Amino acid sequence: MKILIVEDEVLLADSLKTLLTRKGFDVEVVYDGENGAEYALLGVYDLLILDVMMPGLDGYQVARQVRAGRCGTPILMLTAKSAIEDRIAGLNAGADYYLTKPFDSRELLACINALLRRQGGQVDELVYGNTALDLASSTLVCGERSVRLSAKEFDVMRYLLHSRDRNLSKEAILAKVWGYDSNAVENHVEVYVGFLRKKLRSIGSNLRIAAIRRLGYHLEVDGDC
């Protein structure tokens, strides 16, 4: 499961990342609301942990932007504000749960697990056309046929499946999969898209990774199963 933490208190953010990583989650951290909204709207996270009191965009504004972008990722808000009015504001902004600071790590983990369970099959697999991506096993499945993906293949395919027919530029894929500080270049994206195309064909998938010059890649469904 992939979790995004948006928290401007660096020490707390990094402590949460350490805790959740030890519990087996794949965790990314950003330290301001503007970047938090941008990352969240990529649609590749299973959960968003969002601080309320941040400079620039606060947590309420980030949550509203995420929901306005039709992103249904569960949002767990963290804040020192405990008044009922603040809780109502958070829920109205789009949060699914509101946890006040200070909190016990056991309570945090219980909230996270509850929100993830609430998603049911949505966090177990991504389905498009006649093909499913099993998120637990990093496996592409089409009928009785399946193929395992490498870590990078999985990340690229997952990003494409979240975006479906929306074009993703090579730059966006590089930033999301390899990271902004990586030395990877656009050719890396082309190579992994090639790997995925071969694997999709090998299992009889009706998904096609289409390329549009200067715009990037998106998924198309060719006919019926």
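Reader: Which exposed residues sit on the face of helix 4 turned away from its buried side?

Author: Keep in mind that this is a predicted model. Helix 4 covers residues 84-93, and its buried residues are Asp86, Gly90 and Ala93. Turn to the face pointing away from that buried side, and you meet the exposed residues Ile84, Glu85 and Asn92.

Reader: Why do the buried residues of helix 4 line one face of the helix?

Author: Start with a general point: an α-helix has 3.6 residues a turn, so residues three or four places apart point the same way. Now take Asp86, Gly90 and Ala93, the buried residues of helix 4. Looking down the axis of helix 4, you find its buried residues on one face because they fall within an arc of 65 degrees.

Reader: What do those buried residues of helix 4 pack against?

Author: Let's look at the sheet first: helix 4 lies across strand 4 and strand 5, and it runs at about 140 degrees to strand 5. A helix joins these two strands as a packing partner, so to speak. The full set for the buried residues is helix 3 (59-68), strand 4 (75-79) and strand 5 (97-100).

Reader: And which strands stand at the edges of the sheet?

Author: The sheet is open, with five strands in the order 2-1-3-4-5 and parallel pairing. An edge strand has a single partner strand, so one side of it is left without a neighbour in the sheet. That describes strand 2 (26-30) and strand 5.

Reader: Which residue in strand 5 is the bridge partner of Thr79?

Author: Strand 4 and strand 5 pair in the parallel sense, over four bridges. Follow Thr79 across to strand 5, and its bridge partner there is Thr100.

Reader: What angle does helix 2 make with strand 1?

Author: Helix 2 (residues 33-40) packs on the sheet, where it touches strand 1 (2-6), strand 2 and strand 3 (47-51). Compare the direction of helix 2 with that of strand 1, and the angle is about 160 degrees.

Reader: Which helix gives the largest share of the largest nonpolar core?

Author: That core has 52 residues, and Leu50, Met77, Met157 and Ile173 touch the most other members. Six residues make up the largest share, and they come from helix 6 (residues 151-163).

Reader: How many residues are in the other core, the one with Ile5 and Cys111?

Author: This core lies apart from the largest one. Among its members are Ile5, Leu76, Leu78 and Cys111, and its size is 19 residues.

Key
Residues numbered from 1 in each chain as written. Predicted model: local features only at pLDDT ≥ 70, side-chain atom pairs only at ≥ 80, totals over all residues. Heavy atoms only, no water. Buried < 20%, exposed > 50% of the residue type's maximum accessible area, 1.4 Å probe, protein only. Arc of directions from axis to C-beta. Contact = heavy atoms within 4.5 Å. Core = buried A, V, L, I, M, F, W, Y, C linked by side-chain atoms within 4.5 Å. Pairing = 2+ DSSP bridges. Axes fitted to C-alpha atoms, helices over the stretch in contact; angles between N-to-C directions.
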